[in-house]
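This report looks at side-chain packing, with attention to a sulfur bridge, ring pairs, charges over rings and nonpolar cores. The sequence and the structure are shown first.

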Amino acid sequence: MFKLLFFISLVAGWCFIQSSGAAQEVDLTDRPNDVVSFVSEYCIDCHQGTEPTAGLNLESFGASFIQVATLAPTDRRDWERMVKRLRSRQMPPRDSHRPDEAKYHAIIEKLESILDQHASQHPEPGRTESIRRLNRTEYRNAIRDLLALDVDVNAMLPPDEAGHGFDNVTVGGLPPILLSRYVTAAERISQTAVGAAIHSPAGLTVRVPADQSQESHVDGLPLGTRGGTVFEYHFPASGEYEIQLRLARDRDERIEGLKGSHEIDVLIDRQLARRFTISSQKTSPQKTPSQKTPSPKTQPSNQAYGEDDASVEAGLKGRIVVEAGPHSVGVTFPEKSKSLAEIKRQPFDASFNRHRHPRREPAIFEVSIVGPMDSASSSKTEPMALATGDAVSDIADPKPEASAYGSGGNASSTTRGMTPSQTRIFTCLPTKPDEAVVCAEKILARVMRLAYRRPLRDDDLTVPMRFFEVGLQQGGFETGIESALAAVLVNPYFLLRFETQPNDLKSGSSYSVSDIELASRLSFFLWSSIPDDELLTLAEQGKLRQPEVLQEQVMRMLRDSRSQSLVTNFAAQWLYLRNLDSFRPDMRLFPDFDDNLRTALRRETELLFDWVLREDRSVLDLISTDTTFLNERLAKHYGVPHVIGSHFRPVQLSESNSHRGGLLRHGSILAVTSYATRTSPTVRGNWILGNILGTPLPPAPPNVPALKDKSHSESLSIRERLSEHRANPACASCHDLMDPIGFAFENFDAVGRWRTFDNGRMVDATGELPDGTKIVNFEELEQSILKHPDLFVGTLTEKLMTFALGRGIESYDAPAIRKIVRDAAAHDYCFSSLVSGIVSSVPFQMRVIE
């Protein structure tokens, strides 16, 4: 039924799309002679003939071309390519006849002036897809903001394919297998959010990364504990849940570090819910109290003992009582006092495998939760249609008392005993049967307006109310709302983003998107989620496009916690932070690398970006700053003293550790641009060209041979080994640009540590900029970037605009990007000035008729 409704609505949505047409050429009355002269003097030798360099033929810039009075799209594309290469000083090549700086500035200014003037007279905003589905991150955030429910979308939906560096670009298709996953997700989400009858126990299994060390405190768990894990879980109903633990084992399947006895605590909202005791030797088990709700004096306890590991682990199972709703679940070891055995050297911070990193104490490998197990929560005897509105949950356990871990408690619980999702959904409750339909319509109208991101139409409620009426007859008011919500969550107007176009304009014309569509563009840009009530109301009133209103909303949304998506979603993809999950350095060369360090590296970069965003600082602080964010684990890795504890904090860098600071010095960036066994100046240089300087190089041609393996390569430096690429003419054109930039970072090894020697030799970090300027280290590269801030700021603007529009940047977007950068310069390139410029730009507010 759900699938049939989905396809009917999807076909209707496609009816909004109009036919396509070709872009037209536009007149340009002046083509200055100095542009032609510059091209003839510095460019034409390479860019002419049947096989021009880089496929760019500039013969049309000759004298005969001056008579042409049109600027075609191909001309604009070529001119923009010229501007980008000239601005980065990549062209003309360093070994060719090159203009001086005055000529560079003059020709760039002339070209940009012509292109910008043309764009102002003939705006071309480009075109986003008319129908785009929510990607996995947007779906999760939309459910969170719509139903106050955080769901694990990774278990429900497949990953999205990335395009132009972001996973919100290639989201036009909706294959049947994905549709089936959406239907299943809608049913599970609606049941969890409403909290209706649970007919069978549900389960969750959380695994701790195998390479995570658990010898010290884990951030998010109480002080005085070590190791373990903490996660959020939405318990579907109040009742008894069975929890089972598994311990980390070595490659021989033996429990690691199991010497003597150890306690394991299960915490719910930082309250002690159950305690297990494990031991490698048989001891007398303690009697387990019979009461369900633990108190500080008598906690339910299991003692796991035995002569083999299987019997020890078999005892790590027990039941706990939990109220319905979201809770923080922690599993950890109370820390024991211990002395460090005298050894010849300091032990590694990494400790997770008997072969190279033997654990000194047991560690958690897996936590499983199943429930509710009791019959009281598995079948509700009284439908909500007859409820008074004071209780949704049938089980009301006593409030937990304070424990040694602190007051704890679920901060999101309500005085009515409702979960946050139920509070968000049930804005009314019927007190008698004849009020059920009216109340349901009120509930659904509010949810659907936000879910569909537009005012409701007369027939929007028809299908959901049919589902409600069927559910009402089968199981009562709650069941009816659950069925109706599932129908809403598979409706195309929730899963898909539609942008319509006027019928009275010809193909190729530009038009402004509606305020409703602008609201969605804005919310999915800054929050990766649906518009809230305030934003949608302004759009419905036709006020959102007013400049002062739009600016006020941008600033409000940036201050909102939901803008954290710019950190975890945008920045994580722009800076390749997602690649850290697959980064596995060679343990023989980097024995101190573990998941703790991997997580810390990512967090440092996220916090720097968040700092710039929250304090509205200059985006140039991403390149150069004397502040970074460290915890004890990362500080040890960097060699920064006096940082104690698992929590991150801003650290003011001193002269002794001045090689830390901006993004280019972060271990996260240095790691994802390295190989498992060594650094890669080529990868690092290419990353900087594409993500910092905005001049990505084309992929290597398929016929270029790989580096020959040399038996003596271990005795050669990276610089010497890469010289073969630069000696090959087929490789030199790109490697001459990438490698010299990457060499500047050779003082950082493959996991981001500082070094002065590599393979027994003094590190040579000298390099060269695209304009031929010699540099001695990465600091001079940073200074060059700050000297020409428009390159980096323009690149960041391009990345933000790609993310905001959900499409790749084209040559006709360049004038808008230049205007944003110029306007932001007056505000010291503060982060909000870039965002405001993008939101006010032609590409963001307009669209081309297809």
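Which residues form a disulfide, and how far apart are their sulfur atoms? In this predicted model, the disulfide is formed by Cys-428 and Cys-439, with the sulfur atoms 2.1 Å apart, and the structure holds one such bond. The torsion about the S-S bond of Cys-428 and Cys-439 is about 120°, so the disulfide is right-handed. Cys-428 belongs to the loop between helix 9 (420-425) and helix 10, whereas Cys-439 belongs to helix 10, so the pair ties together parts that are eleven residues apart in sequence. Cys-428 counts as buried because its relative accessibility is 17%, which is under the 20% cut-off, and Cys-439 is buried as well, with a relative accessible area of 6%.

**Aromatic pairs**

Across the whole structure, a search finds 24 aromatic pairs. Two of them are set out below.

| Ring pair | Distance of centres | Angle of planes | Geometry |
|---|---|---|---|
| Tyr-452 and Tyr-493 | 6.0 Å | 50° | tilted |
| Phe-609 and Phe-831 | 5.7 Å | 85° | edge-to-face |

The tyrosine pair links distant parts of the chain, with Tyr-452 in helix 10 (residues 436-452) and Tyr-493 in helix 13 (residues 492-495), 41 residues apart. Tyr-452 counts as buried at 4% relative accessibility, and Tyr-493 is likewise buried, with a relative accessible area of 14%. Tyr-493 also has a charged neighbour, since Arg-454 lies over its face at 4.4 Å from the ring centre. A further charge over a ring is found at Tyr-638, where the charged end of Arg-660 sits 3.7 Å from the ring centre.

In the phenylalanine pair, Phe-609 lies in helix 18 (residues 595-614) and Phe-831 in helix 27 (residues 831-839), so the pair ties together parts that are 222 residues apart in sequence. Both of these phenylalanines, Phe-609 and Phe-831, are buried, and they belong to a cluster in which ring pairs link Phe-166, Phe-570, Trp-574, Phe-609, Phe-792, Phe-803 and Phe-831. Cys-830 also counts as buried, at 12% relative accessibility.

**Nonpolar cores**

In soluble globular proteins, nonpolar side chains tend to be buried together. Here the largest nonpolar core has 75 residues, of which Phe-525, Trp-574 and Phe-792 touch the most other members. The element that gives the most to this core is helix 25 (residues 789-805), with eight residues. Apart from this core lies another, of 54 residues, which includes Ile-189, Phe-426, Met-448 and Ala-484.

What does Phe-525 touch, not counting residues up to four places away in sequence? The contacts of Phe-525 are Leu-566, Leu-800, Phe-803, Ala-804, Val-835, Ile-838, Val-839 and Phe-844.

**Helix 26**

How does the span of helix 26 (residues 814-825) agree with 1.5 Å a residue? Its twelve residues should span 16 Å on that basis, and the end C-alpha atoms are 17 Å apart, which agrees. The buried residues of helix 26 are Ala-814, Pro-815, Ala-816, Ile-817, Arg-818, Ile-820, Val-821 and Ala-824, a list that holds the charged residue Arg-818 beside nonpolar ones such as Ile-817 and Val-821. An α-helix has 3.6 residues a turn, so residues three or four places apart point the same way.

Terms used:
Residues numbered from 1 in each chain as written. Predicted model: local features only at pLDDT ≥ 70, side-chain atom pairs only at ≥ 80, totals over all residues. Heavy atoms only, no water. Core = buried A, V, L, I, M, F, W, Y, C linked by side-chain atoms within 4.5 Å. Buried < 20%, exposed > 50% of the residue type's maximum accessible area, 1.4 Å probe, protein only. Helix = DSSP H or I, 4+ residues; strand = E, 2+ residues; numbered from the N terminus. Contact = heavy atoms within 4.5 Å. Expected span 1.5 Å × (residues − 1). Phe/Tyr/Trp six-rings, centres within 6.5 Å; stacked < 30°, edge-to-face > 60°. Lys NZ or Arg CZ within 6 Å of the ring centre and 35° of its normal. Disulfide = S-S within 2.5 Å.
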